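Hello,

As promised, here is the structure for you to look at. Please open it beside this message, and then read on for what turned up in it.

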Amino acid sequence: MENITSSNSFHFNSVRYSGIKSGLNLIVLGAVHGNEICGTQAIEKIIDELDTKKKVITSGSVTFVPITNPLAFSKKQRMGDRNLNRNLNPNLNPKYFEDYVANWLCPLLSEHNVLLDLHSFHSPGSPFALIGPANNSGPLEPFKFAKQEEELALKLGVKVFVDGWLDTYARGVEYRCANKNDYPQNSQLQNLDIHYGMGTTEFIRSKGGYGITLECGQHNDLSAPEVAYQAISNSLLHLGLVDGPLPMGISNYQCLRIIEVIDKLHEGDYFSQEWKSFDHVKAGQVIGTRHNGKKVFTNDDVKIMFPNTQALPGNEWFYLAELSNRF
Ligand SMILES: [Zn+2]
């Protein structure tokens, strides 16, 4: 599927502020998903404060991308042609609009040390931050800035921290490959790619940086732009890009680990109740029912995350997470 028309109708835009002194280079993204606009609104507010000198970048630099996926943003939808925050890599043969975004965005991310990626979510729930793995030298996501990432996460203003994303995705891909016949024929083929879980934060970690995905609240939550604004302000202070008192860390918080992703297989698959992120699910409790009547449940006490009633067949329906003692 060629999308030349839509590709030619948009350009990409970023704005960068550099301090006199050297320091860390932060990049802040809004609207990686086009219907998640709290980050865009918060970035606009911060840019206004910088332009009117209410804030001044004294060290390092900060780059803002208010609208990372302009096609999805114009459609007021999560994606244009495909999910930008999956399988994110430069693409020699761009086919979908998001492939062109990636060819612009990936080199830009590589110029930075730290990423703050601002999102919102579909069902009601409290804001939370997605962080990367603990330090490791394994094959999937080797990493050595876990401490820096944790320290930044604790300053953003949210109280729930979630890890285990890429691990879970790798297992999800294994499952999809082993159970191809369960999926409808028109499922998106990139779901079977081993790099499927690679989003913005995974990309910057692969280039020697670190990053956090901040889920600021439900898409229409009026407080979400303020959550995003506070996170940017605190990041600028914590990373030493602006002068001022260091933000207070959070002391009463919770760490969770994503352990499984479950795909929707058919339009007729439905949830047993109106789940919201972090709802507790008891062992054996029915989460949903497949179109053929098969019940979906777990054998352990877990929490549900990102339940998406509007998931397309072949795409992520919900995730399961458990309490962790990460930090
Ligand atoms: Zn998102």
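**What was found**

In this predicted model, strand β8 (residues 254–263) and strand β14 (residues 316–323) run antiparallel to each other and are paired over 7 bridges. You can find two of the facing residues yourself: valine 261 sits opposite tyrosine 319 of β14, and glutamate 260 has leucine 320 as its bridge partner in β14. As background, strands in a sheet pair through backbone hydrogen bonds, and the pairing can be parallel or antiparallel.

Strand β8 also pairs with β6, and here the two strands run parallel, with 4 bridges joining them. Look for valine 160, whose bridge partner in β8 is glutamine 254.

Now for the sheet as a whole. These strands belong to an open sheet of 11 strands with mixed pairing. Its order is β1-β3-β2-β4-β7-β5-β6-β8-β14-β13-β10. Which strands stand at the edges? They are β1 (15–18) and β10 (280–281); each has a single partner strand, so one side of each is left without a neighbour in the sheet.

Two helices are worth finding next. Helix α2 (residues 38–51) lies across β1, β2 (21–29), β3 (59–65), β4 (114–121) and β7 (210–218), and runs at about 135° to β4. Helix α6, in turn, lies across β5 (128–130), β6 (160–163) and β8, running at about 20° to β8.

Zooming out, the chain has 8 helices and 14 strands in its secondary structure. Along the principal axes, its C-alpha atoms fill a box of roughly 65 × 50 × 40 Å. Why can we call the radius of gyration what a compact globule would give? With 327 residues, such a globule would have a value near 20 Å, and the chain has 19 Å, which agrees. Of the 327 residues, 44% count as buried. Among contacts with a separation of 6 or more, 73% come from residues 24 or more positions apart.

The chain is divided into two parts: domain 1 covers 4–256 and domain 2 covers 258–323. Their centres, taken over C-alpha atoms, are 25 Å apart. The contact between them takes 19 residues from domain 1 and 20 residues from domain 2. On the side of domain 1 that touches domain 2, the largest share, 4 residues, comes from helix α6 (residues 165–178). By class, that side of domain 1 has 8 nonpolar, 10 polar and 1 charged residues.

One last residue to click on is proline 124, which is found in the loop between β4 and β5. Is proline 124 buried or partly exposed? It has 13 other C-beta atoms within 10 Å, and a residue needs 20 or more to count as buried and 12 or fewer to count as exposed, so proline 124 is partly exposed. Leaving out residues up to four places away in sequence, proline 124 touches Gln218 and Lys276. For a distance to check in your viewer, the C-alpha atoms of proline 124 and serine 206 are separated by 32 Å, and these two residues are 82 residues apart along the chain.

Enjoy exploring, and best wishes!

Key
Residues are numbered from 1 along each chain as its sequence is written. This is a predicted model: local features need pLDDT of at least 70, side-chain atom pairs count only at pLDDT 80 or more; totals for chains, interfaces and linings use all residues. The radius of gyration is taken over C-alpha atoms; the globule rule is 2.2 Å times the number of residues to the power 0.38. Two residues are in contact if their C-beta atoms, placed from the backbone, lie within 7 Å. Domain bounds come from an automatic or database domain assignment. Ala, Val, Leu, Ile, Met, Phe, Trp, Tyr, Cys and Pro count as nonpolar, Asp, Glu, Lys and Arg as charged, and the others, Gly among them, as polar. Two strands pair if DSSP finds at least two bridges between them. Axes are lines fitted to C-alpha atoms, for helices over the stretch in contact, and angles run from 0 to 180 degrees between N-to-C directions.
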